[in-house]
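Reader: Hello! I am new to this structure and would love a close look at one part of it. Could you walk me through how a pair of its helices meets, and then show me a little of what lies beyond?

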Amino acid sequence: MRVLGVDPGLTRCGIGVVEGVAGRPLRMLGVGVVRSPADSEIADRLVLIERGIEEWLDAHRPECVAVERVFSQHNVRTVMGTAQASAVAMLCAARRGLPVALHTPSEVKAAITGSGRADKAQVGAMVTRLLRLDAPPKPADAADALALAICHIWRAPAVNRLQRAVAAHRTTKGRLP
C-alpha cells in the first residue's frame, strides 16, 4: 500500500509518502513541506497548498491519502487555517477518487510510539527508526506526515476487517438462520 500522509497547515503543510504493508519493513518514497507565505491572502495560500499537494499526488501516485484530523485548539484562527488546509488535501484526493482516512494526533502518536501523549521528538525518533533513516525528517511537520502514513498502513487492515464485519452483520440481520 502506498499512502500520502498530510499534516495540514497553512504556513507549512507536511507531506510524506510511505509504501509497505503491516508487519513488513516500510519504505519512505518522499518527504517534504508545501509552504505558503503568511502575509499572502488566504485564498492564494490555499491555491499554493492545492498545487503542492497535486504535484505530490502526480509524482507518487498513492493509493490512499491519510490526513490529520483537525482537533479543537485554543487559537480559533490557527484551527481554521489547519481545517482549511485539511479540506484542500481531502478535495485533491477525492477529485482523483482516492480514499481519504482521518487520524487524530493521539491515534498517530499511539500507533508510532506506543503512547498517545508522545512529543514531537519521540515521534520523529520512531519515524526515523521505522523507516531506517539517517536522521529525523525536518521540520517536524514532515515527520508528522510520515507518521500519519505509517499509522494508516498499520491501522487500515484492522479497520477494513471491522467494516466488513459490520457490513456482513447488517446484511444478515433480520434473516432467519
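Author: Happily; what follows looks at the place where helix 1 meets helix 2, and then visits a few other spots. Please keep in mind that this is a predicted model.

Let us begin with the two helices themselves. Helix 1 covers residues 42-60, and helix 2 covers residues 76-95. Their axes are 9 Å apart and the helices pack at an angle of about 40°, so helix 1 counts as oblique to helix 2. The crossing of this pair is right-handed.

Now look at the residues that touch. Helix 1 brings Ile-42, Leu-46, Ile-49, Glu-50, Ile-53, Glu-54 and Leu-57 to the contact, and on the side of helix 2 they meet Gln-84, Ala-85, Val-88, Ala-89, Cys-92, Ala-93 and Arg-95. Sorted by class, the residues of this contact are 10 nonpolar, 1 polar and 3 charged.

Arg-95 deserves a pause here. Its side chain meets that of Glu-50 in a salt bridge, with 3.0 Å from N to O. Because Glu-50 belongs to helix 1 and Arg-95 to helix 2, this pair ties together parts that are 45 residues apart in sequence. Arg-95 also forms a salt bridge with Glu-54, where the closest N and O atoms are 2.7 Å apart. Here too one partner is in helix 2 and the other in helix 1, so the pair ties together parts 41 residues apart in sequence. Glu-54 counts as buried, because its relative accessibility is 12%, and the cut-off for buried is under 20%.

If you follow the charges a little further, you will find a network of salt bridges that links Glu-50, Glu-54, Asp-58, Arg-61, Arg-95 and Arg-96. The structure as a whole holds 10 salt bridges.

Another salt bridge joins Lys-120 and Asp-144, whose closest N and O atoms are 2.4 Å apart. This pair links distant parts of the chain, 24 residues apart, with Lys-120 in helix 4 (residues 120-130) and Asp-144 in helix 5 (residues 140-172). Asp-144 is buried, at 11% relative accessibility.

Helix 4 has another partner to show you. The axes of helix 3 (residues 105-113) and helix 4 come within 9 Å and cross at roughly 50°, so helix 3 is oblique to helix 4. This crossing is left-handed. From helix 3, Lys-109, Ile-112 and Thr-113 take part, and they meet Gln-122, Val-123, Met-126, Val-127 and Leu-130 of helix 4. By class, this contact of helix 3 with helix 4 has 5 nonpolar, 2 polar and 1 charged residues.

Staying in helix 4, you can pick out Thr-128. Thr-128 is buried, at 11% relative accessibility. Setting aside neighbours within four places in sequence, Thr-128 is in contact with Leu-133, Asp-134, Ala-135, Pro-136 and Pro-137.

Finally, turn to Val-6, which sits in strand 1 (residues 2-7). With a relative accessible area of 0%, Val-6 is buried. Not counting residues up to four places away in sequence, Val-6 touches several residues, among them Cys-13, Gly-14, Ile-15, Val-65, Ala-66 and Val-67. Ala-89 is also one of the residues that Val-6 touches, and you met Ala-89 earlier in the contact between helix 1 and helix 2. As for Val-123 of helix 4, Val-6 and Val-123 are 117 residues apart in sequence and 15 Å apart in space, C-alpha to C-alpha.

Note on methods
Residues numbered from 1 in each chain as written. Predicted model: local features only at pLDDT ≥ 70, side-chain atom pairs only at ≥ 80, totals over all residues. Heavy atoms only, no water. Salt bridge = Lys/Arg side-chain N within 4 Å of Asp/Glu carboxyl O. Helix = DSSP H or I, 4+ residues; strand = E, 2+ residues; numbered from the N terminus. Buried < 20%, exposed > 50% of the residue type's maximum accessible area, 1.4 Å probe, protein only. Axes fitted to C-alpha atoms, helices over the stretch in contact; angles between N-to-C directions. Parallel < 35°, antiparallel > 145°, perpendicular 65-115°, else oblique. Left-handed = near helix turned anticlockwise from the far one by under 90°. Contact = heavy atoms within 4.5 Å. Nonpolar A, V, L, I, M, F, W, Y, C, P; charged D, E, K, R; others polar.
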